[in-house]
Amino acid sequence: MGTRPLLRLWSQRRDCLDASKARKARGTKVADASETAGSVRQVQNVPHVQHVLIAADKFKGSLTAVQVAERVTAGLRRVAPQVEVEALPVADGGDGTVAAAVAAGFERREARVTGPLGDEVTAAYALRDGTAVVEMAEASGLQLLPEGVFAPLTSTTYGSGELLRAALDAGARTIVFGVGGSATTDGGAGMLAALGAVFLDAEGAPVAPGGGPLASLATADLSGLDARFASVDLVLASDVDNPLTGPKGAPAVYGPQKGATPEDVAELDAALAHFARVLSDSVGSSAVEYAESPGAGAAGGIGYGALVGLGASFRPGIEVMLDVLGFAPALARASLVITGEGSLDEQTLHGKAPAGVAAAARAAGVEVVAVCGRLALPAEALGRAGIRRAYALTDVEPDVARCIAEAGPILETVAEGIARDFLG
């Protein structure tokens with residue numbers, strides 16, 4: 001390796017470290033999977049590694065995945081200035097998926113589409129060599145709602161359909177459809193309507209937007225759906241495998257996050273079940289079967305619409321994104337992988353980005369450590385996931401509010417600790 005350190009990072013932004021934070025790294029505690037569960041210790045005498053791959057997700061509300069990579073790189077370099085660092089920001093199909101694709105070299109495209117409340121918004125997707133990465137949250141996500149405003153019964157996925165159509169118009173023949181972070185619970189009806197489906201009530205009028213009005217659905221006609229989907233490989237990328245309805249369905253599990261009251265949840269669940277029954281008259285019994293399929297309940301049931309109407313195939317989001325982003329060749333160059341997300345907890349173990357990264361690295365025999373804002377997993381759980389050690393911002397700064405407000409500088413301090421433990 002030459003005298004000039006190498007960073008492969010598509011983003012051009014470079015943030016500086018508050019040098020006074022560096023002293024805090026000394027004495028930082030970590031959860032170490034090589035020890036018994038719950039134990040922490042000062043890590044010493046770890047073999048030197050020369051090529052680090054940073055494959056972390058965003059710290060939601062604090063740092064994007066690209067910013068996480070930049071901050072970790074800065075911290076590593078302060079202690080080990082000659083280390084070679086390769087950054088591959090990752091996502092699991094939820095919000096931030098398009099940004100990760102753009103960081104990996106995809107072209108960012110934009111389209112004006114219908115937002116979840118019916119107003120026009122600008123939504124982005126990513127395109128490269130005939131493959132598009134479309135993130136439904138860009139068109140129908142919670143982040144598009146005004147603060148404190150929810151519309152659990154009437155929010156629509158119509159804009160997600162428009163965004164898919166924009167990707168088709170741009171020449172996409174493979175579409176990775178990342179679903180998560182939605183403001184909607186309409187079973188994908190809005191998306192299908194934007195792509196040519198017709199949903200009418202008993203009087204022959206179009207059913208109003210949202211999941212609640214689906215209770216009045218009398219007939220569904222999918223024959224007008226965009227014919228291009230017959231020749232497109234549409235991959236539904238999600239980190240959840242919930243069915244459409246029932247105790248583990250979209251309304252019951254995710255409705256409250258979108259402002260749904262218990263009464264709203266019951267209304268939405270009944271409306272989506274009715275939606276599936278009416279669709280069975282149009283497309284056959286498969287409509288009801290798809291409602292029970294893994295991923296049907298993703299993003300307020302948009303997974304169901306993609307499966308039953310667009311011929312999508314379901315895959316865990318992080319697996320799809322690692323393929324799309326070129327993780328395998330980057331992993332082949334790595335001696336150490338640093339992954340992470342805002343909170344390492346039980347949800348992490350069920351399809352989130354750090355678990356997917358760690359599983360792939362473990363299969364390749366590459367050691368993995370993780371960074372996070374908050375650590376809620378014991379060392380033995382980390383070990384089962386393939387993560388050797390986890391470093392949390394709260395180990396450096398116990399005040400959670402400060403960790404959120406000053407996540408960047410604190411993360412650099414945490415990365416200094418990793419460099420001392422693994423690179424010094």
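This report describes a sheet, two helices packed on it, one buried residue and a pair of crossing helices in a predicted model.

## Basis of the model

The model is predicted: local features need pLDDT of at least 70 and side-chain atom pairs count only at pLDDT 80 or more, while totals for chains, interfaces and linings use all residues. Residues are numbered from 1 along each chain as its sequence is written, and side-chain values use heavy atoms, with hydrogens and water left out.

## The sheet

Six strands form an open sheet in the order β6-β7-β8-β9-β12-β13, and their pairing is mixed. Strands (E, at least two residues) and helices (H or I, at least four residues) are DSSP runs, numbered from the N terminus. Two strands pair if DSSP finds at least two bridges between them. The edge strands, β6 (107-114) and β13 (313-316), each pair on one side only. On average, neighbouring strands are turned by 30° against each other, direction ignored.

Strand β12 (residues 233-238) runs parallel to β13, and 4 bridges join the two. One bridge partner pair is A237 with R315, the latter in β13.

## Helices on the sheet

Helix α9 (residues 298-310) lies across β9 (174-178), β12 and β13, at about 160° to β12. Axes are lines fitted to C-alpha atoms, for helices over the stretch in contact, and angles run from 0 to 180 degrees between N-to-C directions. Helix α10 (residues 317-325) also packs on the sheet and touches β7 (120-128), β8 (131-135), β9, β12 and β13. The direction of α10 makes about 85° with that of β13. Contact means heavy atoms within 4.5 Å.

## V320 in helix α10

V320 is found in helix α10. V320 counts as buried because its relative accessibility is 3% (buried means under 20% relative accessible area, exposed over 50%, partly exposed in between, with a 1.4 Å probe and protein chains only).

Leaving aside residues up to four places away in sequence, V320 touches V176, V235, A237 and R315. V176 is 144 residues from V320 along the chain, yet their C-alpha atoms are separated by 7.7 Å.

## Helices α1 and α16

The axes of helix α1 (residues 65-79) and helix α16 (residues 407-422) come within 7 Å and cross at roughly 45°. That angle makes α1 oblique to α16 (under 35 degrees is roughly parallel, over 145 roughly antiparallel, 65 to 115 roughly perpendicular and the rest oblique).

Residues of α1 in the contact include V68, V72 and L76, and those of α16 include L411, A415 and I418. The contact residues divide into 10 nonpolar, 2 polar and 5 charged (Ala, Val, Leu, Ile, Met, Phe, Trp, Tyr, Cys and Pro count as nonpolar, Asp, Glu, Lys and Arg as charged, and the others, Gly among them, as polar).
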